[in-house]
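This report looks at selected side-chain contacts in one protein chain. Please keep the sequence and the structure in view while reading.

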Amino acid sequence: MEYAAFTGSAGWSNGMGKKIGIMGGTFNPVHNGHLLLAEHAREILELDEVLFIPSGNSYMKDASSVLEGSVRAHMLALALEGNPYFHLSLIEIDREGPTYTCDTLAELKKLNPDNEYYFIVGADNLLMLESWKNPEFVLQNCIIAAAVRGTGTEEKLEKIAGHLIYEYQADIRILPARYMDLSSSEIRKRLKDRASIRYMVPDKVLEYIEMNKLYQSV
């Protein structure tokens, strides 16, 4: 399958900045919760585009449980088909060595300094953001859009957001709740157990997983 791999510069030659959402992660595999969060953020924040950036060699994940980047990117390409606001970027998969958000953000800003970047994260990621490499750079060079996940997390999010705003002068937006209780780890477990994941992932992703018997031995 041929698909456009967006690297940050294609189509932006008019010199005018845009509001760009960033959805990062292993996407192992991509699921409907990812897509719903991205669409929700795009609508609420009035984003021009959302970049989906699958990680390369993530220093925060057990590599043995993560499919190679080209396979995860292919599933993402299938999932994003038909949405003109969603684009796939291979910027992290193409980079050698461990994947760090600060490096990705620096590269994007170098390519398009006029753009305003919104890093879309779930509650769990916001709570551990200070453990990322160079969190100061991340927090001072993009807007963080954090999604409430489940009941009881909004108060925690507001507390950590207040701390990050105070410590790093960060710009953090808490997205109104629009909850879908899905995780890639749950999907992998269901596939290993030969259970259905229909309606948890896009149909084309489901067909690709079944055709290639992915995750059955993970």
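## A residue in a loop

Between which helix and which strand does the loop that holds Asn115 lie? The structure shown is a predicted model. In this model, Asn115 sits in the loop that runs between helix 3 (101–111) and strand 6 (116–122).

Asn115 has a relative accessible area of 7%. Buried means under 20%, so Asn115 counts as buried. Its side chain reaches the backbone nitrogen of Lys18 at 2.7 Å. The side chain of Asn115 also makes a polar contact with the side chain of Tyr117, at 3.5 Å.

## A salt bridge within one helix

How many salt bridges does the model contain? The count comes to 6. One of these 6 is described here, and two others follow under the next headings.

The side chains of Glu39 and Arg42 form a salt bridge, with a nitrogen-to-oxygen distance of 2.8 Å. Both residues belong to helix 1 (residues 32–45), where they are 3 residues apart, or about one turn of the helix. Are these partners buried or partly exposed? Glu39 has a relative accessibility of 27% and therefore counts as partly exposed. Arg42, in contrast, is buried, because its relative accessible area is 15%, which lies under the 20% cut-off.

## A link between a loop and helix 8

Glu81 and Lys204 also meet through their side chains in a salt bridge, at 2.4 Å from N to O. This pair links distant parts of the chain, since the two residues are 123 residues apart. Glu81 is found in the loop between helix 2 (69–80) and strand 4 (86–88), whereas Lys204 is in helix 8 (residues 203–212).

Both partners fall in the partly exposed class: Glu81 has a relative accessibility of 39%, and Lys204 has a relative accessible area of 43%.

## A link between helix 3 and a loop

A further salt bridge joins the side chains of Glu107 and Arg95, with an N to O distance of 3.3 Å. This pair, too, links distant parts of the chain, with the two positions 12 residues apart in numbering. Glu107 lies in helix 3, while Arg95 lies in the loop between strand 4 and strand 5 (98–99).

Glu107 is partly exposed, with a relative accessible area of 34%. Arg95 has a relative accessibility of 19% and so counts as buried, because buried means under 20%.

Conventions. Residues are numbered from 1 along each chain as its sequence is written. This is a predicted model: local features need pLDDT of at least 70, side-chain atom pairs count only at pLDDT 80 or more; totals for chains, interfaces and linings use all residues. Side-chain values use heavy atoms; hydrogens and water are left out. Helices (H or I, at least four residues) and strands (E, at least two) are DSSP runs, numbered from the N terminus. Buried means under 20% relative accessible area, exposed over 50%, partly exposed in between (1.4 Å probe, protein chains only). A polar contact is a pair of N or O atoms within 3.5 Å; within protein, one must be able to donate a hydrogen and the other to accept it, and residues adjacent in sequence count only if both atoms are side-chain atoms. A salt bridge is a side-chain nitrogen of Lys or Arg within 4 Å of a carboxyl oxygen of Asp or Glu.
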